[in-house]
Amino acid sequence: MKQIEIQGETKRSTIMIGECLKNLSNYIPSQDVVLITDETVSRYYQKDFPEFRAITIGTGERIKTLDTAGIIYQELLDMDAQRSTFIVGIGGGIVCDITGFVASTFLRGVRFGFVSSTLLSQVDASVGGKNGVNFKGFKNMVGVFNQPEFVICDLNLLKTLPERELLSGFAEVVKHAVIEDRDLFAFIENHAAKALALDQTVLERFVHDSVVIKSAVVNRDEKEKGERRKLNFGHTFGHAIEKTTGIPHGEAVSLGMVLAASLSVRKQLLSEKEFHRITRLLENLKLPTVLEYDKKEVMAALKKDKKREGDHIHFVLINGIGKSVITEISIQELTWMIDSR
Ligand SMILES: NC(=O)c1ccc[n+]([C@@H]2O[C@H](COP(=O)([O-])OP(=O)(O)OC[C@H]3O[C@@H](n4cnc5c(N)ncnc54)[C@H](O)[C@@H]3O)[C@@H](O)[C@H]2O)c1
Ligand SMILES: [Zn+2]
């Protein structure tokens, strides 16, 4: 097991990579604990849950709402939950985001932790203290910054994860390598096949290095005033493509990273050779690098980006693999760029 400490503004969080769901009891009180999970995770893993009351929610982005939070508050009240109650979210990013939000707001905040069960939540969602729900179709519109006391990243749980969900996690790992860590990038290049075969040692390095990179960036900029924006590499176009085509987040981010890398080449920050290393790596991880989509619709979605300021947008480019720069790019330039591809 590898352990990483994250110091948030108010709280410390311990991320344990390679720890097991079966050992969860070692990290929580012996009584007054409530578990929150989803139907799928419950079906596979309830047998390994400690014997506490569990609240089970449905699956899918559509249930990540205030209504679902309301249902959970009601269940907590019915269970007579108190300020002293400890809540554990066991699941992917959706369960963790809702659990963090509910635990941070119920009775003005109770203690909480996560067992992260998807690669995406291990490398991204459970690090950084962002918790929230969607509102009227807008993603993560309502939420809080608050760190869980611990996150268990159990790599064994990934064996039951559908491949497409695994690939979404890989896209975020590649993102972390591209923006901050050339060595990790080379490691992924050399171990892509093993990663697809769920080799535990390879996955442990992916999760560990991703958590180190994301937590270092977050530690320097917890509330996303500047540097944290780097983590949006590939996400400006990615979100817009995800919204308009409905393809999974990781696949859209893969396409977004290709577009951002190509813009970096145009601005003479990235060599053609490194651009091809990036696209080849994504392909080796079975992620898409080209897709037909309606460019007008994608640009319309992009104009609604929360990060837009007037006719400019904060955009992350790369200055060679492993180095990123935050720039302001005009919507017009992004339109030219997407039209010319
Ligand atoms: N808070 C943050 O900083 C942050 C960062 C990135 C993403 N997110 C959020 O995370 C969410 C996406 O997370 P996700 O990709 O983990 O999705 P998810 O939670 O929906 O999980 C994906 C699917 O896999 C199933 N599943 C989970 N664990 C499983 C397992 N071990 N075996 C088999 N099936 C399993 C789930 O039931 C679900 O159907 C989004 O809502 C996104 O906004 C948050
Ligand atoms: Zn993402």
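Which strands form the open sheet with antiparallel pairing, and in what order do they lie? In this predicted model, the open sheet of three strands follows the order β10-β11-β12, and its pairing is antiparallel. Its edge strands are β10 (308-309) and β12 (324-330), each of which pairs on one side only. Strand β11 (residues 312-318) is joined to β12 by seven bridges in the antiparallel sense. Within this pairing, Ile-313 has Ile-329 of β12 as its bridge partner. Helix α12 (residues 331-339) packs on this sheet and touches both β11 and β12. The direction of α12 makes about 100 degrees with that of β12.

A further open sheet contains seven strands, in the order β1-β2-β9-β6-β5-β3-β4, and its pairing is mixed. The edges are taken by β1 (2-7) and β4 (53-57). Each of these has a single partner strand, so one side of each is left without a neighbour in the sheet. From one strand to the next, the twist averages 20 degrees.

Within the seven-stranded sheet, β6 stands between β9 and β5 in the strand order. Strand β6 (residues 111-116) is largely enclosed by the rest of the structure, because five of its six residues are buried. Strand β5 (residues 86-91) runs parallel to β6, and six bridges join the two. One of the residue pairs here links Ile-90 to its bridge partner in β6, Val-115. Between these strands the chain passes from β5 through α3 to β6, a β-α-β crossover that is right-handed. The pairing of β6 with strand β9 (residues 150-153) is also in the parallel sense, over three bridges. Here Ser-116 has Cys-153 of β9 as its bridge partner.

Two helices are described in relation to this sheet. Helix α3 lies across β3 (33-38), β4, β5 and β6, and runs at about 165 degrees to β5. Helix α7 (residues 200-220) lies across β1, β2 (12-17) and β9, where it runs at about 15 degrees to β1.

The surroundings of ligand 1 comprise 28 residues, of which Thr-40, Gly-92, Gly-93, Ser-117 and Thr-118 come nearest. Two or more residues of the shell are given by each of α1 (39-45), α3 (93-105), α4 (119-125), β8 (138-145) and α5 (163-180). Helix α3 is thus named both among these contributors to the shell and as the helix of the crossover from β5 to β6. Sorted by class, the shell around ligand 1 holds eight nonpolar, twelve polar and eight charged residues.

Two residues with positive phi were also noted. Arg-108, although not a glycine, has a positive phi of about 65 degrees. The residue is found in the loop between α3 and β6. Arg-108 counts as exposed because it has 7 C-beta neighbours inside 10 Å, the limit for an exposed residue being 12 or fewer. Lys-136 is likewise not a glycine, and its phi is positive at about 50 degrees. Lys-136 lies in the loop between β7 (130-135) and β8. With 8 C-beta neighbours inside 10 Å, Lys-136 also counts as exposed.

Definitions and conventions. Residues numbered from 1 in each chain as written. Chains lettered and ligands numbered in written order. Predicted model: local features only at pLDDT ≥ 70, side-chain atom pairs only at ≥ 80, totals over all residues. Near = placed C-beta within 6 Å. Helix = DSSP H or I, 4+ residues; strand = E, 2+ residues; numbered from the N terminus. Nonpolar A, V, L, I, M, F, W, Y, C, P; charged D, E, K, R; others polar. Buried ≥ 20, exposed ≤ 12 C-beta atoms within 10 Å, placed from the backbone. Pairing = 2+ DSSP bridges. Right-handed = clockwise from strand over helix to strand, strands pointing away. Contact = placed C-beta atoms within 7 Å. Axes fitted to C-alpha atoms, helices over the stretch in contact; angles between N-to-C directions.
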